[in-house]
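Subject: Structure handover

Hi,

Here is the structure I promised to pass on. Have a look at it first, and then read on for what turned up.

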Amino acid sequence: MLFKISVNNIRKSLRDYAIYFFTLIIGVSIFYVFNAINTQTAFLAVSQNTRQLMELLNTLLSGVSVFVSIVLGLLIVFASRFLMKRRNKEFALYLILGMGKGKISAILLVETLIIGTGSLIAGLFAGIGISQLMSALVANLFEADMTDYRFTISVESIIKTIIYFGIMYVVVMIFNSIMIGRCKLIDLMQSGKKSEKMKLKNPLLCTVIFIIAAIGLGYAYYRVAYNNASMNNKLIISMIILGSVTTFLIFWSVSGLLLHIVTSAKRVYFRSLNCFTFRQISSKINTTVMSVTVINLMLFVTICTLSSAFSVRNSMNANLNELCPADAMFYLHIYSDTEVSDDIPENVIGAYEKYGLDVTEYFSEYVSLDVYITKELTFSSFCGDKRDEIEGRFPNLMFDGMEDIVRLSDYNRLMALYGRDQLQLEDDEFILVCDFQSIRDIRDYILADGRDITISGHTLRPKYSECQDGFIEISAQKMNLGIFIVPDSTVDSIVPLRNYFIGNYGVSSKEGKENAEQDVLKTHSRFKSEKSADESGSEFYLSLNTRIDIADATIGLGAMAALLGLYIGVVFLISCGAILALKELSECADSVQRYAILRKIGTEERDISRSLFRQMGIFFLLPLLLACVHSIFGMKFAMLILEIFGTEKLTESIIFTAVMVAIIYGGYFLITYFCGKSIIRDKAEP
């Protein structure tokens, strides 16, 4: 009998609870899809480095899945709360007919098992199908070959999904039992006749709190967006807490001020159904301040995460061709800064020749470039009389660090290899090249006054009043903090500290470059083996970076950022949309009698629909609007980190994020509106 009642209840409630079932199915499928990525991509043709990055991605996704499961679990419990409230009259009828609370709990237990099993099965089937499409996305992100790809099912991910969601449903069962145990018959019977208890707040108090919260939030914005040079972990956490608290206070005060503001505008308040509409809105916000605050913060995290993740991926891939114009770069660091002995090589070529190896045979063109430093030229001496001012604004800068110096002829030969414009200097001039924007801004501020430098008795003046774009090391990020390009004779008396050997392989095809790189790596491996056995080898250090390795790391890091951001962003968007949708549908069910009264007094259906649309629109829009404001300043702070990877594609990432929010969040709003119309219309019919 209990099973039959449960099945009938589910059948009758399918339409009303469509969003709940839909959200559960989507949650299960997304959980499976992202946890099955490792299995789905096992047959992709990728390099060994990329394969290792995929394994790291799988580990990260497993960790993030724990967090995602907590979010989805809270969503399910939150949804159950509103769905339980929706059925108060039904539970009251059971109690009147003599059914005990234990049997009611048993009915809910059976319903939860049926719903859970159904959503798990449907979600897993959907996830298995979507995961095949996800493989294509992953292949595109990692730039992999899908020739050997095959249809697969991840048993491990299925088991993990069942376990995680099984635990969630057990929590829901316990929650439902507790709720039934606490309910009283009189409260259940009168639940449809009384609305959420709304207390009108003191408008003066709300105004004061709003002003205080706005000031606090403005201060947090200022610190993270415009005065962040001295930010540390402790201060960042403090600003996050301040932002969260002030956000809560803003919604709390707005919930009290909204009705007072509208009622003061008589022409607006008494127009059409505005008096009814705004009382409904005020009641909803007033009773869900904490929920709206959490949703606002989740939307803020979603917008920043999606925008940042895809910006990292797009920028790094776009920067690869510009910042990595050579096939390989060898870097030699000499630990002695006084003289070069017979045991210490002068350059990369000499380091290999020391052990009977020839690295030049694999390259058709190359450049050997020296980098110099001197205690005469530090960042502090370059700042001059502006040091105190700059240190006050940016206390974390290394003011005692010695600046890099490069000969003009060496730099121009490298630029010829890179295919970039060459520089020209007079004997008493220097040029500062830099591409790391935040440091470049500081250096431009110093150069604007025509700051001279002195090197080995040579006084040099800046040719330009700002830094020129340029770099030496091949990379996928703009990380050149500053290099002084000087006339050759300026550094004749200085011993070079570092030497670079940068070149292109003697082949042009992709396969040929891969084969040439394997030969270079084997030679470098022999070099390291010989060097480790040589006692004098400890006086210098030599490393190797190649375009292929950099590309693999860049593509892999970008793909991981995109997938992790997509995982968290989609789950958060679904959670926010589902919570608001369930809250709105529950309110519609509780307000059926109010809409019936409106019809009885002659209100047209068109006006009722317009009122419902405005209520839901404002309820969905408020947390989103403030989240967008948060995101403007949050992204300004994120730019400090994104600057390392590049921000050239940030606009495209923001547009993509906006589309995602419009589709998922906006989709929930539209579905909620049409379902809400159906509830208040059908339930009102005799």
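Let me start with a question: is Phe613 buried, partly exposed or exposed? With a relative accessible area of 37%, Phe613 comes out as partly exposed, because buried would need a value under 20% and exposed one over 50%. Before you read more into any of this, keep in mind that the model is predicted.

**The four-stranded sheet**

A good place to begin is the open sheet with the strand order β2-β8-β1-β9, where the pairing is antiparallel. The edges are taken by β2 (363-371) and β9 (540-546); each has a single partner strand, so one side of each has no neighbour in the sheet. From one strand to the next, the twist averages 15°.

Inside this sheet, β1 (residues 328-334) pairs with β8 (residues 498-505) in the antiparallel sense, over six bridges. If you want one pair to click on, take Met329, whose bridge partner in β8 is Ile502.

Two helices to look for here are α17 and α19. Helix α17 (residues 408-418) lies across β2 and β8 and runs at about 150° to β2. Helix α19 (residues 510-532) lies across β1, β2, β8 and β9, at about 165° to β9.

**The five-stranded sheet**

There is also an open sheet of five strands, in the order β3-β7-β4-β6-β5, and its pairing is mixed. Here β3 (404-407) and β5 (453-455) are the edge strands, each pairing on one side only. The twist in this sheet averages 40° from one strand to the next.

At the β5 end, β5 and β6 (residues 458-462) pair over three bridges in the antiparallel sense, and Ile453 stands opposite Leu460 in β6. Helix α17 turns up again: it packs on this sheet, touching β3, β4 (429-433) and β7 (483-486), and its direction makes about 80° with that of β3.

**Aromatic rings**

How many aromatic pairs does the structure hold? The count is 24. One of them is Phe330 with Phe363, an edge-to-face pair at 6.1 Å centre to centre, with 80° between the planes. Phe330 lies in β1 and Phe363 in β2, so this pair ties together parts that are 33 residues apart in sequence. Phe330 counts as buried at 0% relative accessibility, and Phe363 is buried too, with a relative accessible area of 8%.

Another edge-to-face pair is Phe613 with Phe669, at 5.3 Å centre to centre and 65° between the planes. This one links distant parts of the chain, with Phe613 in helix α22 (residues 605-645) and Phe669 in helix α23 (residues 650-682), 56 residues apart. While Phe613 is partly exposed, Phe669 counts as buried at 13% relative accessibility.

Phe330 and Phe363 also belong to an aromatic cluster, whose other members are Tyr352, Tyr355, Tyr366, Phe501, Tyr505 and Phe527. Elsewhere, the charged end of Lys386 sits over the ring of Tyr445, 3.9 Å from its centre.

**A helix to look at**

Finally, have a look at helix α20 (residues 547-590). Its 44 residues reach 64 Å from the first C-alpha to the last, close to the 64 Å expected at 1.5 Å a residue. Helix α20 is mostly covered, with 38 of its 44 residues buried.

Cheers

Notes:
Residues numbered from 1 in each chain as written. Predicted model: local features only at pLDDT ≥ 70, side-chain atom pairs only at ≥ 80, totals over all residues. Heavy atoms only, no water. Pairing = 2+ DSSP bridges. Axes fitted to C-alpha atoms, helices over the stretch in contact; angles between N-to-C directions. Contact = heavy atoms within 4.5 Å. Phe/Tyr/Trp six-rings, centres within 6.5 Å; stacked < 30°, edge-to-face > 60°. Buried < 20%, exposed > 50% of the residue type's maximum accessible area, 1.4 Å probe, protein only. Lys NZ or Arg CZ within 6 Å of the ring centre and 35° of its normal. Expected span 1.5 Å × (residues − 1).
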